[in-house]
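Me: Hi! Could you walk me through this one while I have it open? I'll just throw questions at you as they come up.

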Amino acid sequence: MDPKLQLISIAGAAGLLLVVLELVRRRALLERYALLWLFSAVVLLVLACWRGLLERVSDVLGIAEAPNALFLLAFAAILVLLLHFSAAVSRLADQSKVLAQRLALVEERLRRVEAPREPRAAAESEPAEDHELVGAGKSRSTRIS
Amino acid sequence: MPSPARHLAVVPALNEAATIATVVGRIHAALPQFDVLVIDDGSTDDTGRVAEEHGARVVRHPFNLGIGGAVQSGFQFALDNEYDYMVQIDGDGQHDPRELGKLMDVMSSDPDVDVVCGSRFLSKDLKYPSPISRRTGIHLFAFLLSRLVDGRISDPTSGFRLYNRRAIQLFARDYPHDYPEVEAVLMLHHHRLRLRETPVRMFARGGGASSISGSGKSAYYMVKVLLALFVGLARRRPVPEPDGPPAITAHHAL
């Protein structure tokens with residue numbers, strides 16, 4: 001490999017490593033996810049520094065051209081990363097659903113508890129029915145809590 | 001029982017301001033013992049306000065969670081407020097509250113039954129108007145489910161269901177996301193809860209838009225439910241227990 005090219009790839013991998021570390025330092029990246037990126041950056045750095053490694057890996061895998069081994073490994077790594085993020089997004093969606101449900105239920109209960117203190121709201125529409133409803137809600141919440 | 005049983009009717013609604021008043025009114029008229037809870041699943045119209053004005057309790061989601069999330073909020077509400085029975089009645093006017101008496105009769109006649117499901121297809125004289133493609137899909141699910149749960153299921157997509165306390169507890173904890181009805185039947189089977197069907201009449205939709213409309217969406221629905229069925233067979237459904245891991249955890253990696 002051309003030494004100039006090697007210098008450029010070492011600089012690139014080191015740059016990626018620094019960017020990841022800086023993002024962690026600024027708390028823009030959780031350590032949980034940073035580990036994956038740190039790992040990828042380190043692997044890239046090792047491959048850039050150690051020229052014979054890629055050829056050995058491609059020999060072991062039975063791949064004639066060393067760059068093809070790199071493509072294969074990179075593709076596999078990206079696939080795993082994407083799967084990991086899909087799982088993370090699914091978990092977040094689940095968590096936000098639970099939060100939204102809890103929030104909605106607590107809001108409903110809060111409205112019921114606060115309703116008697118605002119006679120204006122109760123008197124606005126259909127006073128008889130509203131009054132009955134408020135009374136029921138009050139007795140119910142006291143019984144539970 | 002020391003105190004009379006408490007009943008809750010849950011009406012999931014998304015932008016149904018045009019029909020919600022009728023639905024709430026019908027439930028109150030047909031079944032005065034039922035409290036009505038409208039789940040306003042992120043509506044952008046007046047659904048929640050209209051429902052409240054007509055004497056319903058309203059739980060408002062901050063954003064749209066889909067039918068599964070909406071109905072699950074109903075289960076959680078029923079659990080929090082110690083209801084003994086909960087029925088799901090759709091906000092579009094498709095389910096007729098007058099038919100609810102039939103579900104109640106089945107529930108009270110057999111103490112082993114945990115869920116009573118209103119079926120459109122059990123009786124020949126109660127015709128349900130629906131396109132042939134929709135019916136074909138429903139019958140396919142019905143066929144598969146009947147094999148899986150060892151019992152005849154004629155209308156697995158019907159949401160018109162009456163649940164007792166055991167079923168409320170189960171579904172408050174864990175209810176499928178997108179198109180929950182079919183998978184819920186499977187969950188009942190896994191948790192050894194008993195489902196019984198009874199024939200009911202249903203209306204064509206009164207207003208609003210179905211969550212399943214358009215050929216692309218119904219194809220997606222088919223595939224999604226089939227996947228859920230087969231995955232559901234092998235799925236780990238973690239039930240949170242004391243000392244066990246939390247149901248949803250932030251610390252989880254591949």
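Me: Let's start with α3 and α6 of chain B. At what angle do they pack, and how far apart are their axes?

Reply: Happy to help, and bear in mind that this is a predicted model. Helix α3 (residues 66-80) of chain B packs against helix α6 (residues 165-173) of chain B at an angle of about 125°, and their axes are 8 Å apart.

Me: What do you call that arrangement of α3(B) and α6(B)?

Reply: Oblique: angles from 65 to 115 degrees would be roughly perpendicular and those over 145 roughly antiparallel, so α3(B) and α6(B) are oblique to each other.

Me: And is the crossing of α3(B) and α6(B) left-handed or right-handed?

Reply: The crossing of these two helices, α3(B) and α6(B), is left-handed. On the α3(B) side the contact is made by B:Q72, B:F75, B:Q76, B:A78 and B:L79, while α6(B) brings B:R165, B:I168, B:Q169, B:F171, B:A172 and B:R173.

Me: Nice. How do the residues of that contact divide by class?

Reply: In the contact of α3(B) with α6(B), six residues are nonpolar, three are polar and two are charged.

Me: Switching to the sheet in chain B: what's the strand order?

Reply: The order is β3-β2-β1-β4-β6-β5-β7 (chain B), an open sheet of seven strands with mixed pairing. At the edges sit β3 (57-60) and β7 (195-199) of chain B, each of which pairs on one side only. On average, neighbouring strands of this sheet are turned by 20° against each other, ignoring direction.

Me: Which helix packs on that sheet, and what does it touch?

Reply: That would be helix α4 (residues 100-109) of chain B, which touches β1 (7-13), β2, β4 (85-88), β5 (115-119), β6 (161-163) and β7 of chain B. The direction of α4 of chain B makes about 145° with that of β5(B).

Me: Back to the β3 edge. In what sense do β2 and β3(B) pair?

Reply: Parallel: strand β2 (residues 34-40) of chain B pairs with β3(B) over four bridges. If you want a spot to look at, B:V38 has B:V58 in β3(B) as its bridge partner.

Me: I've just clicked on B:A142. Where is it, and is B:A142 buried or exposed?

Reply: B:A142 lies in helix α5 (residues 132-149) of chain B. It counts as buried because its relative accessibility is 6%, and the cut-off for buried is under 20%.

Me: What is B:A142 in contact with, leaving aside neighbours within four places in sequence?

Reply: Those contacts are with B:I153, B:S154 and B:P156. B:S154 is twelve residues from B:A142 in sequence, and their C-alpha atoms are 5.5 Å apart in space.

Me: OK, now chain A. How many helices and strands are there?

Reply: Chain A has six helices and zero strands. Chain B, for its part, has eight helices and seven strands.

Me: What share of the residues is buried in chain A, and what share in chain B?

Reply: In chain A, 20% of the 145 residues are buried. For chain B, 52% of the 254 residues count as buried.

Me: Last one: how do α2 and α4 of chain A pack?

Reply: Helix α2 (residues 31-49) of chain A and helix α4 (residues 66-114) of chain A pack at an angle of about 175°, with axes 12 Å apart, and are therefore roughly antiparallel to each other. The contact includes A:W37 of α2(A) and A:F85 of α4(A). By class, eight of the residues in that contact are nonpolar, one is polar and two are charged.

Technical notes:
Residues are numbered from 1 along each chain as its sequence is written. Chains are lettered from A and ligands numbered from 1 in the order in which they are written. This is a predicted model: local features need pLDDT of at least 70, side-chain atom pairs count only at pLDDT 80 or more; totals for chains, interfaces and linings use all residues. Side-chain values use heavy atoms; hydrogens and water are left out. Two strands pair if DSSP finds at least two bridges between them. Axes are lines fitted to C-alpha atoms, for helices over the stretch in contact, and angles run from 0 to 180 degrees between N-to-C directions. Contact means heavy atoms within 4.5 Å. Angles under 35 degrees count as roughly parallel, over 145 as roughly antiparallel, 65 to 115 as roughly perpendicular and the rest as oblique. A crossing is left-handed if the near helix is turned anticlockwise from the far one by less than a right angle, and right-handed if clockwise. Ala, Val, Leu, Ile, Met, Phe, Trp, Tyr, Cys and Pro count as nonpolar, Asp, Glu, Lys and Arg as charged, and the others, Gly among them, as polar. Buried means under 20% relative accessible area, exposed over 50%, partly exposed in between (1.4 Å probe, protein chains only).
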